[in-house]
Every structure is written in C-alpha cells, then in structure tokens.
Amino acid sequence: MNLRQAKRSKARIRIALQGPSGSGKTYSALLLAFGLTGDWKKIAVIDTENQSADLYSELGQYYVLSLNEPYTPKRYGEAILLCEASGIECIIIDSITHEWNGKGGCLEMHEQITSAMRVPNSFTAWASVTPQHQAFIDSILKSKCHVISTIRSKTEYVLTERNGKQVPQKVGMAPITRDGFEFEVTLSFDIDAEHHAFISKDRTGLFTGKPKFQITPETGKTILDWCNEGEDMVETVRALVNGSITIDELNALYRKYPELSENLVSEFARRKQELQEISHLLNGSAARGGNGYGTATN
C-alpha cells in the first residue's frame with residue numbers, strides 16, 4: 001500500500017459511444033479519433049459490423065481490421081495488440097456488442113458450458129466465462145492507445161399511467177453488453193436517431209450540463225487537450241528509474257507502475273545492469289541472471 005497525493009497524469013482516453021442502428025456511431029467515432037490524433041493513418045477500426053467502417057473511406061486513409069466470428073474475448077484482445085504493434089494511436093472497436101452476444105461471444109460461450117455440464121449450473125458456468133471477459137476489458141484499459149468503443153443499444157420503455165390508462169414511456173437506451181462497462185470508461189455518449197450526442201458519464205467535466213450536440217473533430221481535439229493537461233508520468237518514472245540506487249528500489253518501482261513498466265522495460269533493464277556492474281566493482285563478484293523485466297541481458 002502506498003499513500004500519495006492525488007495528481008492527474010497525461011492520459012489515453014477511453015470513450016464509449018452507444019446508440020441504436022443508424023445513429024451514426026461509426027462515423028462519430030471516426031471524427032473523434034481524427035480530432036484525437038490529427039492523422040488518419042494513426043487510426044484503426046476493429047470492425048465487426050459487416051465492413052461498415054469502409055463506408056466512410058472518403059474521410060481519410062485510416063486502417064480497418066475486419067473481425068469475423070467467432071467473436072471471443074481473446075480474438076478482440078489479439079486485434080487490439082495487433083493495432084498497438086502497428087503504431088496505431090487511436091483504436092475504434094466497432095462494436096464491443098459482439099463480444100458479449102455475438103456468435104462465439106460470452107453469452108454463447110456460457111450457454112455451451114452450461115449445456116455440457118452433467119448437472120447444468122448457470123452460476124458455475126460464469127466462472128469460466130467471466131475471466132475471459134475481464135481480460136478483454138483489461139486489454140482496453142491497459143492499451144497504450146486511445147480507445148473508442150461503440151455499443152449497440154436498444155430503446156427501453158416502461159408503462160406509466162396517464163389519464164387513467166397505461167401507456168409506454170421511453171426511458172432511455174440500454175447498451176447491449178455486460179452491465180458495468182460504463183464504469184470502465186472516462187466518457188460515455190448516447191447518440192440518438194438524429195445523430196445528436198449527449199453525455200451519460202463524464203469524468204473530464206468537459207460536457208457535463210451541456211445540451212446535446214453533434215460530434216465533430218473539434219470534440220476530439222477538446223478531449224485531447226484535457227488528456228495532455230496532466231503530468232507526463234512516463235518521463236516521471238523514467239527519471240525515477242535513472243535515479244534508483246539499489247536493485248530492490250528498482251524492483252519496487254517496477255511493481256508500483258505496472259501500466260508504465262511495459263513501455264519502459266528497456267530502461268529498467270539498462271539500469272539494473274548498471275547497478276549489477278556497480279555491485280560487481282564494489283563487491284568483487286558479478287550478480288548473475290536475467291534482468292527480470294521481460295528481456296535478458298548478457
């Protein structure tokens with residue numbers, strides 16, 4: 001445990017766009033992504049919507065990764081890793097709904113596991129599916145890219161009494177994914193049939209209390225400015241790595257910032273080798289073994 005003062009770091013944004021069919025989720029996501037990157041070639045769409053991402057190719061030279069069934073959480077995670085390895089700065093997942101209720105998605109996986117049990121137990125079956133779904137969520141949260149997730153939604157109604165009669169009243173749009181995804185993102189927008197967006201969750205404070213609007217690249221630029229206001233934690237941790245004077249201190253630093261350590265693995269390895277060489281000079285014996293940070297040093 002470590003008690004520290006609160007401070008905001010420079011961030012990669014996590015955005016959810018939810019809406020019914022035809023509301024413009026894909027188009028809005030592309031405009032947001034361009035505002036965040038300023039370069040169409042830094043944008044990739046993981047497309048599960050029958051190549052709908054290609055419909056807007058006139059906007060710019062962004063990349064498309066067509067993801068077909070089975071829509072398992074693992075395949076989504078592999079697609080995200082491929083985008084990261086390709087130098088992409090903003091990933092659009094269009095949509096995450098298939099991971100939940102598409103062919104090969106979590107609901108189908110759960111049904112298959114339950115059916116295969118000698119004594120079917122729905123609750124027990126989730127013990128196999130939930131970790132896979134959580135791994136997919138973690139791949140979004142830990143990504144070094146901006147991530148925009150689109151979500152299919154359905155309109156929900158409730159019966160209310162009006163003039164002595166029960167009449168349906170629209171109460172909102174329900175996202176088609178596992179409950180709780182909204183808790184994981186920084187911004188969540190609902191998009192209606194007229195392509196207007198209104199905020200349903202806002203950790204930035206940029207859109208709270210504002211009327212509905214249409215998303216443009218300027219929206220993405222506004223969000224990017226907010227992302228860049230914080231402290232650059234990569235540079236901060238790099239300085240701490242270079243200032244470490246013992247291997248124990250270096251190891252503690254590596255464990256303290258797991259979300260940054262992967263980006264700085266070569267820095268950790270270099271500093272550990274330097275400390276081992278210092279220890280050798282002082283003690284007259286070399287410390288042997290790997291660097292412990294994912295790469296080997298000779």
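Serine 149 counts as buried, because its relative accessibility is 1% and buried means under 20%. Keep in mind as you look for this residue that the model is predicted. You will find serine 149 in strand E5, which covers residues 146-162. What does serine 149 touch, once residues up to four places away in sequence are set aside? Its contacts are Ile15, Ala16, Leu17, Ile93, Ile96, Ile140 and Phe181. Try picking out these residues in the picture, starting with Ile15, Ala16 and Leu17.

Now let us step back to the whole chain. Its secondary structure comes to 11 helices and eight strands. Of its 298 residues, 42% count as buried, and serine 149 is one of the buried residues. The accessible surface of the chain comes to about 16700 Å², and carbon and sulfur atoms hold 51% of that area. Sequence separation is also worth a look: among contacts with a separation of 6 or more, 58% are between residues 24 or more positions apart.

Aspartate 202 gives us another residue to explore. Its place is in strand E8, residues 197-202. Is aspartate 202 buried or exposed? With a relative accessibility of 17%, aspartate 202 counts as buried, because the cut-off for buried is under 20%. Leaving out residues up to four places away in sequence, aspartate 202 touches Thr186, Leu187, Phe207 and Thr208. You can also trace from aspartate 202 to valine 185: they are 17 residues apart in sequence, and their C-alpha atoms are 8.9 Å apart in space.

For leucine 59, turn to the loop between strand E2 (43-47) and strand E3 (63-66). Leucine 59 has a relative accessible area of 24%, so this residue is partly exposed. Beyond residues up to four places away in sequence, leucine 59 touches Tyr27, Leu30 and Trp40. Another residue to find here is leucine 31, which lies 28 residues from leucine 59 along the chain, with 8.8 Å between their C-alpha atoms.

Next come the helices. Two packed helices are described by the angle between their axes and the distance between the axes. Take helix H4 (residues 106-116) and helix H5 (residues 122-141): their axes come within 9 Å and cross at roughly 140°. That angle makes H4 oblique to H5, because roughly antiparallel would need an angle over 145 degrees. The crossing of H4 and H5 is right-handed. Which residues of H4 meet H5? They are Cys106, Leu107, Met109, His110, Ile113 and Thr114, and across from them H5 brings Ser122, Ala125, Trp126, Ser128, Val129, Gln132 and His133. Sorted by class, this contact of H4 with H5 has seven nonpolar, six polar and no charged residues.

A further pair to find is helix H9 (residues 247-256) with helix H11 (residues 265-283). Their axes are 10 Å apart, and the helices pack at an angle of about 165°. H9 and H11 are therefore roughly antiparallel to each other, because an angle over 145 degrees counts that way. The crossing of H9 and H11 is left-handed. On the H9 side, Ile247, Leu250, Asn251, Leu253 and Tyr254 take part, and they meet Phe268, Arg271, Lys272, Leu275 and Gln276 of H11. By class, the contact of H9 with H11 has six nonpolar, two polar and two charged residues.

Key:
Residues numbered from 1 in each chain as written. Predicted model: local features only at pLDDT ≥ 70, side-chain atom pairs only at ≥ 80, totals over all residues. Heavy atoms only, no water. Axes fitted to C-alpha atoms, helices over the stretch in contact; angles between N-to-C directions. Helix = DSSP H or I, 4+ residues; strand = E, 2+ residues; numbered from the N terminus. Parallel < 35°, antiparallel > 145°, perpendicular 65-115°, else oblique. Left-handed = near helix turned anticlockwise from the far one by under 90°. Contact = heavy atoms within 4.5 Å. Nonpolar A, V, L, I, M, F, W, Y, C, P; charged D, E, K, R; others polar. Buried < 20%, exposed > 50% of the residue type's maximum accessible area, 1.4 Å probe, protein only. Areas by Shrake-Rupley, 256 points an atom, 1.4 Å probe, with all protein chains shown as cover.
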